[in-house]
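Colleague: Could you take a close look at the cavity in this one for me? I'd like to hear what lines it and what sort of chain sits around it.

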Amino acid sequence: PHEFGSTGFGVAHSTRVAAELMNLPIRGATVAIHGFGNVGSFTAKYLGQMGAKIVATATKEEATYKGKKISHADFWKVPVDILIPASVTDVINDSNKHDIKAKLIVEGANIPMQESVEAELFRKGILIVPDFVANAGGVISSYAEYRGYNPKRMFETVKQKIIKSTTLVLTKSLKERKNPRQVALEIAQGILKEKKSSKS
């Protein structure tokens, strides 16, 4: 399923849901993507199909903004609506966190920043979709493969589950003004408790 870009597909749908909850139309929204491997490239593809404008990208080799080469340090200063870190761990850190101008960060990579940095950016008014909510498409599609689903059913399953969990987490986060990671962990723990009690 990963060859079909299931993780990036999920990240794109999570991004769309988050943007809409913020009253930011995905059509015409500007996006910067850090990391252009399997996750980043497919996220770009599917967001492009939704009408978003990918204006900045960065790989290990180079960074670009509106088709022009820029430095890796300047990538974080780019004025965009949405920033998607889809590369490596701790890519957003003390050296660049103050440069970020995005309204929304969707974590395509695992642990692209420490929780303390996440909390700081959230306090500044940036909405952040946590990694285990946004990039769960890969795990969901592995389950779909195990169940023997065809690609169409796999994509439908990823889309349905990602939309449901992103909506659940962010609606509660925005309503209670709580960090989305904290909300997502509380929801996950609640589900696990329910499953345990139903088994006992």
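Modeller: Here's the cavity, followed by the chain around it. Bear in mind that this is a predicted model, where local features need pLDDT of at least 70 and side-chain atom pairs count only at pLDDT 80 or more, while totals for chains, interfaces and linings use all residues. Numbering starts from 1 along each chain as its sequence is written, and side-chain values use heavy atoms, with hydrogens and water left out.

There's one cavity of 30 Å³ or more, a cavity being a set of points, on a 1 Å grid over the protein atoms alone, where a 1.4 Å probe fits but cannot get out. The largest cavity holds about 40 Å³ of space, volume being the space filled by probe spheres set on the points, which are joined across faces, edges and corners. Its lining (residues with an atom within 4 Å of a point) is made up of Ala 32, Phe 75, Trp 76, Val 78, Val 80, Leu 83, Ile 100, Lys 101 and Ala 102. By class, that's eight nonpolar, no polar and one charged; Ala, Val, Leu, Ile, Met, Phe, Trp, Tyr, Cys and Pro count as nonpolar, Asp, Glu, Lys and Arg as charged, and the others, Gly among them, as polar.

As for the surroundings, 50% of the 200 residues in the protein chain count as buried, meaning under 20% relative accessible area with a 1.4 Å probe, protein chains only. The C-alpha trace spans about 55 × 40 × 30 Å along its principal axes. Of contacts (heavy atoms within 4.5 Å) between residues at least 6 apart in sequence, 57% join residues at least 24 apart.

Conventions: On a 1 Å grid over the protein atoms alone, a cavity is a set of points where a 1.4 Å probe fits but cannot get out, and a pocket is an open set with protein on both sides within 12 Å along at least five of seven lines; lining residues have an atom within 4 Å of a point.
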